[in-house]
Amino acid sequence: MVRSVIAGIGSYVPTEVVTNDDLSKLMDTSDEWIRSRSGIEERHHAPEGVSCSDLALEASRKALEDAGLSPSDLDFIIFATLSPDQNFPGNGCYLQAELGAGPIGAMDVRTQCSGFLYALTTADAFIRAGIYRNILVVGAELQSSILDFSNRGRNVTVLFGDGAAATVVSASEDADRGILYSELHADGNFASCLQMRVWDISRKPYISRDIFKSGAMWMEMDGPAVFKHAVMSLTEVADNTIKRSGIKAEDIKYVIPHQANQRINLMVAERLGFPPEKFLSNIRKYGNTSAASIPLLLDQTYRSGMLERGDLLLLLGFGSGFTWASTLLRW
Ligand code: UT7
């Protein structure tokens, strides 16, 4: 039986650190508000001229090195992002060219903060179907360019950061490791709760003349609605994953949840009856890096020596769409 294993992982964040105090000089906010409402203390922002695929390139090189593979060993690329370099072509194509991976297939996944788990599940399906053996699965975001740094955007801007992480997902005949189970969900009825309406293809021209004035070029969010649904959906998908996969909750070594708000993750842990220390977190230092957040935390957990071969991990994602997802894997 073929299983999909994470054969290599790497991450990259831009060097510039933006603290809560830095943001409070630009808008009406405070370190106390941001820290107490979200758990975030700082985040990283990329400098002008750096693109999302540039961040992904750095992370991908580290993942390939970790896997002991070169770009020419890859069969396919799946790139999850909500902040692509351009509307088209997709970032998978840019990354493929920058890596020099040859004319392999490359595609983007546009499911926001659940994007990495959608991409991972797609890679798993390709591998278990016997189509590919080595797939580069990337989650990367350059969100500092799409945030409104005026007071109007303060409920969103203080939360998000830039970063990238990549995994090499490979076919393995080792039955004791790999992806065991995944669930993917969406409910488009809540699309307007977290969105960026930068264009409207039904209009001619598709970008309005008053785009700067209307704020349509920035991320917008109904924070309390997203918060409520995130807690409900993450609890439900984790519970279903445990029941339907037939594992015991106590056998899970760590939960690697999306990093949107520390209060969300603590509430989910409490509802599931999990000790909070099982729910890993790095939100304090990076904020919400959307599609990058789960693999970024996974990479840091791995590189800090906390993971042993065979550890059972539950990955959980929730984001705009709404979309939400889970993956259960043996490291
Ligand atoms: O990646 C997945 C998607 N993202 C999420 O999962 C985020 C989900 N939502 C949240 O994390 C929270 O809703 C927030 C952190 C965004 C906001 O926390 P909250 O406790 O839900 O606050 P709120 O939106 O109800 O706002 C409370 C007050 C409001 O003022 P009034 O109306 O009570 O006077 C806001 O205007 O806080 C105000 N506020 C701020 N004050 C200082 C909103 N943003 C800020 C800010 N600094 N940055």
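Ser 290 lies in the loop that joins helix H10 (283-286) to helix H11 (293-303). In this predicted model, Ser 290 has a positive phi of about 45°, although it is not a glycine. Ser 290 is also buried, with a relative accessible area of 0%.

Gln 112 likewise departs from the usual backbone geometry, with a positive phi of about 55° although it is not a glycine. Gln 112 is located between strand E5 (105-109) and helix H5 (115-128), in the connecting loop. With a relative accessible area of 14%, Gln 112 counts as buried, because the cut-off for that class is under 20%.

Most residues other than glycine have a negative phi, and most peptide bonds are trans. The second part of that rule has exceptions here as well. The peptide bond from Phe 88 to Pro 89 is cis, its omega being near 0°. Pro 89 belongs to the loop between strand E4 (76-80) and helix H4 (91-99). A cis peptide bond, again with omega near 0°, also runs from Lys 204 to Pro 205. Pro 205 sits in the loop that follows strand E9 (194-195) and precedes helix H7 (211-214).

The two residues with positive phi are set out below.

| Residue | Phi | Relative accessible area |
|---|---|---|
| Gln 112 | about 55° | 14% |
| Ser 290 | about 45° | 0% |

Each of the four sites is thus placed in a loop: Pro 89, Pro 205, Gln 112 and Ser 290.

Note on methods
Residues numbered from 1 in each chain as written. Predicted model: local features only at pLDDT ≥ 70, side-chain atom pairs only at ≥ 80, totals over all residues. Heavy atoms only, no water. Helix = DSSP H or I, 4+ residues; strand = E, 2+ residues; numbered from the N terminus. Buried < 20%, exposed > 50% of the residue type's maximum accessible area, 1.4 Å probe, protein only.
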